[in-house]
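Trainee: I'd like to practise reading a model feature by feature. Can you walk me through one?

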Amino acid sequence: IIENGTIKNFLKIKNKLLPHINEKFLNEISGTTDTEFIFFMLLTILEKNKKHIKNQKNQSQVLKDSMIELLHIFEKQKIEISANLIFTDDEYIVITRYLYFNPENFKKNQYPPSLYYYYYGDKGSLLITSEPITKNFHIFPMNTIMIINTKTMIMNYDVIPTLQ
């Protein structure tokens with residue numbers, strides 16, 4: 001997993017996130033970064049979702065649903081997060097550019113770090129950067145998720161729904 005962004009007041013609120021990490025992963029936490037917590041929260045969700053799938057959704061849908069579930073934890077608890085996340089397994093890459101802010105506590109909408117992509121269709125490759133490096137780059141809109149099949153390079157792009 002790659003994360004660029006921040007969980008507001010992470011060191012003060014990290015205990016609120018511990019219940020979202022499976023006990024077997026708690027001993028694996030060795031640092032104090034929000035990225036490490038996000039990683040183990042996502043692993044917990046992925047493990048739960050894979051066990052509870054009765055109708056055998058495809059792997060990309062499980063990854064998408066799990067990432068959205070992870071992001072909704074922050075929204076449910078009104079924890080401000082501004083983050084670009086990239087997660088990959090053997091077959092898929094999941095990329096998000098996500099922002100949640102609590103309008104009750106924060107008057108100014110803060111944008112997540114920029115995230116750009118350029119798909120080299122003829123080469124079957126994708127370049128992701130924090131700044132555009134050519135005029136052909138596209139910015140990820142806020143609160144979106146992209147799933148890329150690494151074998152076929154087929155991209156699916158969607159808006160992350162809010163809970164409101």
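Trainee: Let's start with rings: which residues form one aromatic cluster?

Mentor: Bear in mind that this is a predicted model. The cluster is made up of Phe 25, Phe 39 and Phe 40. There are seven aromatic pairs in the structure.

Trainee: How do I read a single pair, say Phe 10 and Phe 37?

Mentor: The general idea is that a pair of aromatic rings is described by the distance of the centres and the angle of the planes. Here the ring centres of Phe 10 and Phe 37 are 5.1 Å apart and the planes sit at 75°, so you call this pair edge-to-face. It's a link between distant parts of the chain, with Phe 10 in helix α1 and Phe 37 in helix α3, 27 residues apart.

Trainee: Are those two buried or exposed?

Mentor: Phe 10 and Phe 37 are both buried.

Trainee: And what kind of pair do Tyr 117 and Tyr 157 form?

Mentor: A tilted one: 6.3 Å from centre to centre, with 40° between the planes. Tyr 117 belongs to strand β4 (residues 116–120) and Tyr 157 to strand β8, so this pair ties together parts 40 residues apart in sequence. Now check burial, where under 20% relative accessible area is the cut-off for buried. Tyr 117 has 14%, so it's buried. Tyr 157 has 36%, so it counts as partly exposed.

Trainee: On to helices. Which residues of α3 are buried?

Mentor: First, the general idea: an α-helix has 3.6 residues a turn, so residues three or four places apart point the same way. In α3, the buried residues include Phe 37, Met 41, Thr 44 and Ile 45. Among the others are Ile 38, Leu 42 and Asn 49.

Trainee: What covers those buried residues of α3?

Mentor: The cover includes β1 (2–7), α1 (10–17), α2 (23–26), α4 (59–76) and β2 (81–88). As for its placement, α3 lies across β1 and β2 and runs at about 110° to β1.

Trainee: How far does α3 reach from its first C-alpha to its last?

Mentor: Helix α3 covers residues 34–51, which makes 18 residues, and it reaches 26 Å. That's close to the 26 Å expected at 1.5 Å a residue.

Trainee: Next, sheets. What is the order of the strands in the open sheet?

Mentor: To read a sheet, follow the pairing from strand to strand. The open sheet has five strands in the order β1-β2-β3-β7-β8, with antiparallel pairing. Its edge strands are β1 and β8 (155–159), each of which pairs on one side only. From one strand to the next, the twist averages 10°.

Trainee: How many bridges does β7 make with β3 and with β8?

Mentor: Six bridges join β3 to β7, and the two run antiparallel. Across that pairing, Ile 95 stands opposite Met 146 in β7. On to β8: five bridges join it to β7 (residues 144–149), also in antiparallel fashion. There, Ile 145 stands opposite Asp 158 in β8.

Trainee: Is β7 enclosed by the rest of the structure, or open to the outside? What does the burial of its residues say?

Mentor: Six of the six residues of β7 are buried, so the strand is largely enclosed by the rest of the structure. Look at the two faces: Thr 144, Met 146 and Ile 148 are buried on one side, and Ile 145, Ile 147 and Asn 149 on the other.

Trainee: What does Asn 149 touch, leaving aside its neighbours within four places in sequence?

Mentor: Asn 149 is in contact with Glu 91, Tyr 92 and Ile 154. Its relative accessible area is 12%, so Asn 149 is buried. Closer along the chain, a polar atom of the Asn 149 side chain lies 3.1 Å from the backbone nitrogen of Thr 152. In the hairpin of β7 and β8, with five residues between the strands, Met 153 takes a positive phi near 60°.

Trainee: Last one: which strands does β4 join through bridges?

Mentor: Five bridges join β4 to β5 (residues 125–129), running antiparallel, and Tyr 119 stands opposite Leu 126 in β5. Two bridges join β4 to β6 (residues 138–139), again antiparallel. In β6, His 138 is the bridge partner of Tyr 117.

Notes
Residues numbered from 1 in each chain as written. Predicted model: local features only at pLDDT ≥ 70, side-chain atom pairs only at ≥ 80, totals over all residues. Heavy atoms only, no water. Helix = DSSP H or I, 4+ residues; strand = E, 2+ residues; numbered from the N terminus. Expected span 1.5 Å × (residues − 1). Buried < 20%, exposed > 50% of the residue type's maximum accessible area, 1.4 Å probe, protein only. Contact = heavy atoms within 4.5 Å. Pairing = 2+ DSSP bridges. Axes fitted to C-alpha atoms, helices over the stretch in contact; angles between N-to-C directions. Phe/Tyr/Trp six-rings, centres within 6.5 Å; stacked < 30°, edge-to-face > 60°. Polar contact = N/O pair within 3.5 Å; in protein donor to acceptor, adjacent residues only side chain to side chain.
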